[in-house]
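This report looks at how charged side chains pair within a protein model and at how two chains meet. Please keep the sequence and the structure in view while reading.

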Amino acid sequence: MTDGPHRIELPDEDEPAVRHPGLQMLVDAARAQPTPRVSLDAETLHAAWRAHRARRRARIATLAVAAAVLLGLAALTPRLLEPTPSPSESSGTVAETREPAPPTTQPSSDRAPETTVTPEDAPPRLAAGVEVTRLPGTDPAAAVEITGAHALRLPAGEWSVDSHVSETVEVGIPDGTLELHGGHVQVRVAADVAHAEVLRDEVIHVDLEGRRTPLHPGAPTDAATPSRARPTAEALAAEAEAHLAAGDRAQAIASLRRLVTTYPRSATARTGLIDLGRLLEASGRKDEARCAYAVFLERWPGHALSGDVSRASTALGEGPACKGLRPQR
Amino acid sequence: MARVTEAEATALLAAAQRGEPAAQSALYRAHRDDIARQVLRMTGNASIVDDLVQEVFIAAFGALPGFRRDAQLETWLYRITINKVRNWWDSQRRRQRREDQVAIGPADPVSTPEEEATAHEHRRRLYAALAELPHKYREAFTARAIENLSLQEASDRLGVPVSTVSYRTRKAEEQLCSLLGLTKEAGS
């Protein structure tokens, strides 16, 4: 769905995959590379699969036990959950205050889960100088997933991530990754979106397509990390694709409309607009299709596909003037 | 693996979906070479084939109970492979940024005959450039150009329309030529 413009003209079934002879030479070398014999046997694979399953179950069990302990502590000592600044320690911290963050800190000895954690299975710890703090209002059971000394993933809630290390710290959020280069950021994570507010130094948002957007203190960040109230452009495009796959063209059109109006200047909206025009055209809604094409041409007049779009629009013939996506009746 | 009838394949898949180890092993043996070849074509790196094949099948075993058979098993596995390879490319990019490398290519052989050295250099350049492409363009180009799939086959595997495959492949070629310094004149 995100690469819709090309759908205006059907390609030749016999078109070559590579046209440039120089590139073809490199491709030929890649094609000729012999496939190595897979040394992994089925038994080893099964052992790895069982270990993977066991680790996953152990993690779930650990999380459940830790959450239960945390809830018990929260009920008994509510003051423990009030935020206080945490001092630097010999390793990075994941805490609200002194709370035992479930998967990332040592379980208390008398409440240790029954699951045995071997050294190689032990969860990684954050490097010293990296502090993650749960902000007030966040579910106390929400657990940060530490994936390395400089890598973590935030669950739903509001978090502060403060890095004083020179290494890049990667913070996983639903719509990509935040890279901290000694920066400090507060992140609000909802189900599938996040909103980041940079407090110190530059932070880079890397979206799911790998696009990098620097964020600065005080700068609005909704363009890079949309507010939690609305899905990302990619999510809307995927939603439209799903509706289309399910044969629900009307819903696909609705999702695309939302995409191109909510994120009017995004690359996803650019292709989404042409998809929208194409779907409207296929639905017999020619005036609306013409408006969608017109909006595309107005927003991206010099785009490589503007010629195709213009031809598609012309093929629809004359019609009423448009106000945005809507024809004026 | 000996050729099996459709009914046998269906029974094997059903058993694998129930988590029967023997059936899962048979499934693995039937598809591992295809997956290995796909991983190699997608990454150009022979040294990570075993690891990614393992990751693909561990993910597949975990997801098999939910496999609804509305797609071909091969297509389903191909898409799992694409996701694992995407993760690998992402980790390569992160590592590259951290290490500030100029380029990351397949593992270097110590010494090779001249012809193989040339082919190796071609592959290294191609995959270093592919690393710079967006996932979708790289996947379309790999499927069409390196795996030599037809437009329709690539469309089925990637789960996007034929025209999308065509468009992405062309865009990939444009970007590759630019990255590799291949001029239009040389290509015309």
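A salt bridge is a side-chain nitrogen of Lys or Arg within 4 Å of a carboxyl oxygen of Asp or Glu. With that rule in hand, the reader can turn to this model, which is predicted, and ask how many salt bridges the rule finds across the interface of chain A and chain B. Across that interface the rule finds zero salt bridges, although a search of the whole structure finds eleven over all chains.

**Where the two chains meet**

The contact between the chains can be described by counting residues and by area. On one side, 44 residues of chain A are in contact with 57 residues of chain B, and the area buried between chain A and chain B is about 4700 Å², with carbon and sulfur atoms giving 59% of that area. In chain A, the residues that lose the most area to chain B are A:His20, A:Leu26 and A:Gln33, which together account for 13% of what that side buries.

While salt bridges across this interface number zero, the rule for polar contacts finds 13 residue pairs there, both residues of each pair being at pLDDT 80 or more. The elements that give two or more residues to the side of chain A that touches chain B are α1 (21-32) and α2 (42-76) of chain A, and the largest share of that side, nine residues, comes from α1(A). Sorted by kind, the residues of the side of chain A that touches chain B divide into 21 nonpolar, nine polar and 14 charged.

**Salt bridges within the chains**

Side chains of opposite charge can pair when their charged atoms come close. The table gives three such pairs, among the eleven salt bridges of the whole structure.

| Salt bridge | N to O distance |
|---|---|
| A:Glu288 and A:Arg257 | 2.6 Å |
| B:Asp33 and B:Arg32 | 4.0 Å |
| B:Arg86 and B:Glu139 | 2.6 Å |

The side chains of A:Glu288 and A:Arg257 meet in a salt bridge, and this pair links distant parts of the chain, since A:Glu288 lies in helix α6 (residues 286-299) of chain A and A:Arg257 in helix α4 (residues 249-262) of chain A, 31 residues apart. Both A:Glu288 and A:Arg257 are buried.

In chain B, B:Arg86 forms a salt bridge with B:Glu139, and here too distant parts of the chain are linked, with B:Arg86 in helix α4 (residues 73-99) of chain B and B:Glu139 in helix α6 (residues 135-146) of chain B, 53 residues apart. Are these two partners buried or partly exposed? B:Arg86 has a relative accessible area of 22% and is therefore partly exposed, whereas B:Glu139, at 13%, is buried. Returning to chain A, salt bridges that share partners join A:Arg257, A:Arg285 and A:Glu288 into one network.

The remaining pair in the table involves B:Asp33, which has a relative accessibility of 44% and so counts as partly exposed.

**Chain B as a whole**

Chain B has nine helices and zero strands. Of the 188 residues of chain B, 50% count as buried, and chain B exposes about 9100 Å², of which carbon and sulfur atoms supply 47%. Among contacts in chain B between residues at least 6 apart in sequence, 63% join residues at least 24 apart.

Key. Residues numbered from 1 in each chain as written. Chains lettered and ligands numbered in written order. Predicted model: local features only at pLDDT ≥ 70, side-chain atom pairs only at ≥ 80, totals over all residues. Heavy atoms only, no water. Helix = DSSP H or I, 4+ residues; strand = E, 2+ residues; numbered from the N terminus. Buried < 20%, exposed > 50% of the residue type's maximum accessible area, 1.4 Å probe, protein only. Contact = heavy atoms within 4.5 Å. Buried area = accessible area lost by both parts, 1.4 Å probe. Polar contact = N/O pair within 3.5 Å; in protein donor to acceptor, adjacent residues only side chain to side chain. Nonpolar A, V, L, I, M, F, W, Y, C, P; charged D, E, K, R; others polar. Areas by Shrake-Rupley, 256 points an atom, 1.4 Å probe, with all protein chains shown as cover.
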